[in-house]
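Ready for a few exercises at the bench-side screen? Try each task before you read its solution.

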Amino acid sequence: MPTNFTVVPVKDGRKSREDEDVDDNNVFREEDEDAPFPGDGMPKESSPFINNTDHDKGNLYDGKNMALFEEEMDSNPMVSSLLNKLANYTNLTQGVKEHEEADDDEGSAKTKKPVKSPALGTLIGVYLPCLQNILGVILFLRLTWIVGTAGIMESLAIVVMTCSCTMLTAISMSAIATNGVVPAGGSYYMISRSLGPEFGGAVGLCFYLGTTFAGSMYILGTIEILLTYIVPSAAIFKAEKKEDEAEALLNNMRVYGTCCLTLMSLVVFVGVKYVNKLALVFLACVILSILAIYAGVIKTAFEPPDFPICLLGNRTLQNHNFDQCLKTMEVDNVTVTTKLWSLFCDSPDLNATCNEYFTLNNVTVIQGIPGLTSGVIRDNIWGDYGPNGMLVENKHQASEPAADTSQDIYMPYVANDITTFFTLLVGIYFPSVTGIMAGSNRSGDLRDAQKSIPIGTIMAIATTTFIYISSVILFGACIEGVVLRDKFGDSVKGNLVIGILAWPSPWVIVIGSFFSCCGAGLQSLTGAPRLLQAIARDGIVPFLQVFGHGKANGEPTWALLLTGGICEIGILIASLDAVAPILSMFFLMCYLFVNLACALQTLLRTPNWRPRFKFYHWALSFLGASLCLSLMFISSWYYALVAMLIAGCIYKYIEYRGAEKEWGDGINGLSLNAARYALIRLEEAPPHTKNWRPQMLLLLNLDSDHAVKHPRLLSFCTQLKAGKGLTIVGSVLEGTYMTKEAEVKKAEQNIKSSMTTERTKGFCHVVASSNLRDGFSHLIQTAGLGGMKHNTVLMAWPGTWKQSNDPVSWKNFIETVRETTAAHQALLVAKNVDSFPTNADRLGQGTIDVWWVVHDGGLLMLLPFLLRQHKVWRKCKMRIFTVANMDDNSIQMKKDLQMFLYHLRLDAEVEVVEMHDSDISAFTYEKTLVMEQRSQMLKQMQLSRTEREREAQLIHDRNTASHAALNDKADAGPDRVHMTWTKDKFLTERNRNRAEASMGVRDIFNMKPNQSNVRRMHTAVKLNEVVVNKSQGAHLVLLNMPGPPKNRGGDENYMEFLEVLLEGLNRVLLVRGGGREVITIYS
């Protein structure tokens, strides 16, 4: 969407803004040059964002035109300054200076060189590197064999599937790459910033492993070309028998491959400058080889090359040890045997004993390359799969079968070296279409990355797809089927099959493919360590951090060593056909997540998703992801599972141990959308009783340092919840948010730290309020969101309420009880919470005793069941006590309760405790009297405190008398009320209060207890006796919590009743239901 900008000049009499910001162009460059050595630090991403104002702190705005904004200039810079920096932003490639350049810098008295701006265009920067990476070893060494084995039709299916996969991936990658600046790191950077550090790390390491195994494959291809087609005599292990040839070749590959890997690693260690200088040579080799193939195909149309193939019957012979395809020949009118005869017979004599099949069948010579006009394409339309050891045969030749075929494996026939089937060929072929990330990996070198990457990558894929499709058709139309299925060219005197088609000589392809494989191997060994270094420096995988360091010039030495070690594993496998499916898995997984990243960003419509490449769609990305996943399991289902297991383990490790990163990734957006959808669904209807579980609001008290006073409350919550449902941990600080902002954040950090220590999974919320009472009220009312709101409040018993002269603590407690009741929420109050077990404790044989006095929804019976799910309480047994009055049938009550628990599927012992009517004891009278006297004395103390406050007010008024008098004269009116205390008024009031106080003290010692309080105290004393008698040794006692009095004047007595009720018990949990059933007998 085009956007028009209008720049309005603002004149000022002072120095112009342009003069002040003359050095802004170098802000990022100077920062880059002054940074420590890149090999030893953790680099920061240079971000030209609006809040990046570190270099502007000293540039104070002193003009008058924008004075309204001058106080914000330190955090919000002027747009002119911001645009200046953005226009001059240089995204330097991640990478490295060479030793020589580093030495020059040290010797040049710290003269700073200007940073060259990127200058590569689409052709040089993207198209040709992608072309070079895509075309490679599989094209030269295996494509003819794949065409011969699978046939033209199935080979085309393989090419179309794989190229469609990479084309769809390139479309998704182009969208991601053009959605902002992509620094070096390529696919890892794109996936990690789109799907988060967990997916990014997992897929980045998979891509690293794929690149490393690609290096192994290229080295094995190099050695195969060297030992099979260039200097076969250089083999160290030589097979004495034909059946040992395969093992000897593998051992030679291991030895020479290890030497080649060591040599290439040394070249990379010395400096990538040499690799980059040779890149043009390697690219020229690839292009010349392709042109030679097309030239050879054209030449076959009118002058096919002469490469005779010797067949015995319909079986293809290895043409190494004989020159003429004849059994016997006439020499001076004498019939003599040939070298071929000696291979099948026990002696060169005509009467020698020969192989039965050799005797029954004649030898035939056919042309290996009949040419385009020969019609051989009809024979190569369909495939010819077979097991390991199956002989390569021409079905159109006559053949007499032999009765004994046991000796065939020792004869010089061309045979399959592995079992062939369609899915295997897909896995072997797929590496030939990888390499599409080459352009995005060097985005920092491009003049316009957002334009070059899509065009260059898609054009490169289109070009290579045309090359592969045309090659499949032309190979099938020009080359005889038995030659196509001859993997190592044994039937054409050990020549490379694709080489015999080329013009002017097979050596063009042999030498070109050799240098192409060398170059690709060097590039893999150059790129893989840098990718690992980028992952290590991001700090998301802690155990990889050592690989983020390197030499002083940034060369990833340690990462190169690890890469070499992993690459050696592929070398020791030694078979190109076995290594290719391994790296196919890792590349396919990488492409899968590139597609997923694009689809996710498109569907979420995040505001930052604004790619300049517009030809993408989420359906294409999902199709590409599905194709990648299908190809993984088509190629090799067990390799696919292993690759996914590796990625899954890395994902969980990063999630568990990795550094916390916030990259604005799509997974967070997906989680947010899913949470919003779930919350809307939850709010549609209240939860059914079967789904009810305590959704906890945990009210914490903090000490003077804002640390958690009772961390065991968090432990108990963890044991009760076991990570299920909602947990909100809240606390309140007195004051306003403006003055307490720093303390609120500190308190939240402390609470989160305690939650981590106690393994409490949930949310933390600290509010600042004018008083604790209102703060806790606000939390109870507003905590949670939508359907995810708490239904249970957990808090600690105010243990020091008696010792405190300030009644605020217990008044706040009682008001909290009233508010939870009004909000129809359950309430749990833990007494002696500091003696509760920690998460590391394991309670032995013991009991959890439930005292079920009144029914308030069944929460009392649900809580022990939930606690016993945790390993701390698992060995505890559950006992339920209920109280029977004199007129209750206790035996029938016990039976009914046992049946009720049976239907509830709860295992518990049941006991009915009878409470006999008895006279109220003198102890109860005395305890009630003491309680009421204490309450009365506290009221008197409160009156004296009020008197002291009034005295302080009088002193203050005297000091300000003159000022107050002036104000009174100016502002006095008929309705004005003077609140200032006069001396006479104060003395009168004080004498009256003292008289009342002296009367009150006399009344305290003459008062009689209130009968209602006596009855309540009697209940508390009697019930406490019973509970202590039965449950003093229990690990935990759960007890119905009586409600507070409706008359607030009895609040203090209510606290005393609870104190008496709980006296002598160690761990107690008072439970007050929320007024709804929370447990049911129905399924």
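This is a predicted model, and its chain has 35 helices and 15 strands.

**Exercise 1.** Work out whether the span of helix 10 (residues 245-270) agrees with its number of residues.

*Solution.*
- Start with the count: helix 10 holds 26 residues.
- The expected span is 1.5 Å times one less than the number of residues, which gives 38 Å for helix 10.
- Now compare: the end C-alpha atoms of helix 10 are 37 Å apart, which agrees.
- Look just past the end of helix 10, where G271 has a positive phi of about 160 degrees.

**Exercise 2.** Find which residues of helix 10 are buried, and what they pack against.

*Solution.*
- Use the cut-off for buried, under 20% relative accessible area.
- In helix 10, A248, N252, M253, G257, C260, L261, M264, S265 and V268 are buried.
- A helix has 3.6 residues a turn, so residues three or four places apart point the same way.
- The partners of these buried residues are helix 9 (197-230), helix 11 (272-302), helix 19 (506-538) and helix 20 (557-573).

**Exercise 3.** Decide whether W637 is buried or exposed, and name the surface patch that includes W637.

*Solution.*
- Place the residue: W637 lies in helix 23.
- Exposed means over 50% relative accessible area; W637 has 53%, so W637 is exposed.
- W637 joins L629, F633, Y638, L641 and M644 in a nonpolar surface patch, with about 590 Å² of accessible area together.
- Helix 22 (618-635) and helix 23 (637-657) each supply at least two of the patch residues, and helix 23 gives the most, with 4.

Technical notes:
Residues are numbered from 1 along each chain as its sequence is written. This is a predicted model: local features need pLDDT of at least 70, side-chain atom pairs count only at pLDDT 80 or more; totals for chains, interfaces and linings use all residues. Side-chain values use heavy atoms; hydrogens and water are left out. Buried means under 20% relative accessible area, exposed over 50%, partly exposed in between (1.4 Å probe, protein chains only). Contact means heavy atoms within 4.5 Å. Patches are made of residues with over 30% relative accessible area and no salt bridge: like charges are joined within 9 Å, nonpolar side chains (Val, Leu, Ile, Met, Phe, Trp, Tyr) within 5 Å. Accessible areas come from the Shrake-Rupley method with a 1.4 Å probe; for residues, only the protein chains shown count as cover. A salt bridge is a side-chain nitrogen of Lys or Arg within 4 Å of a carboxyl oxygen of Asp or Glu.
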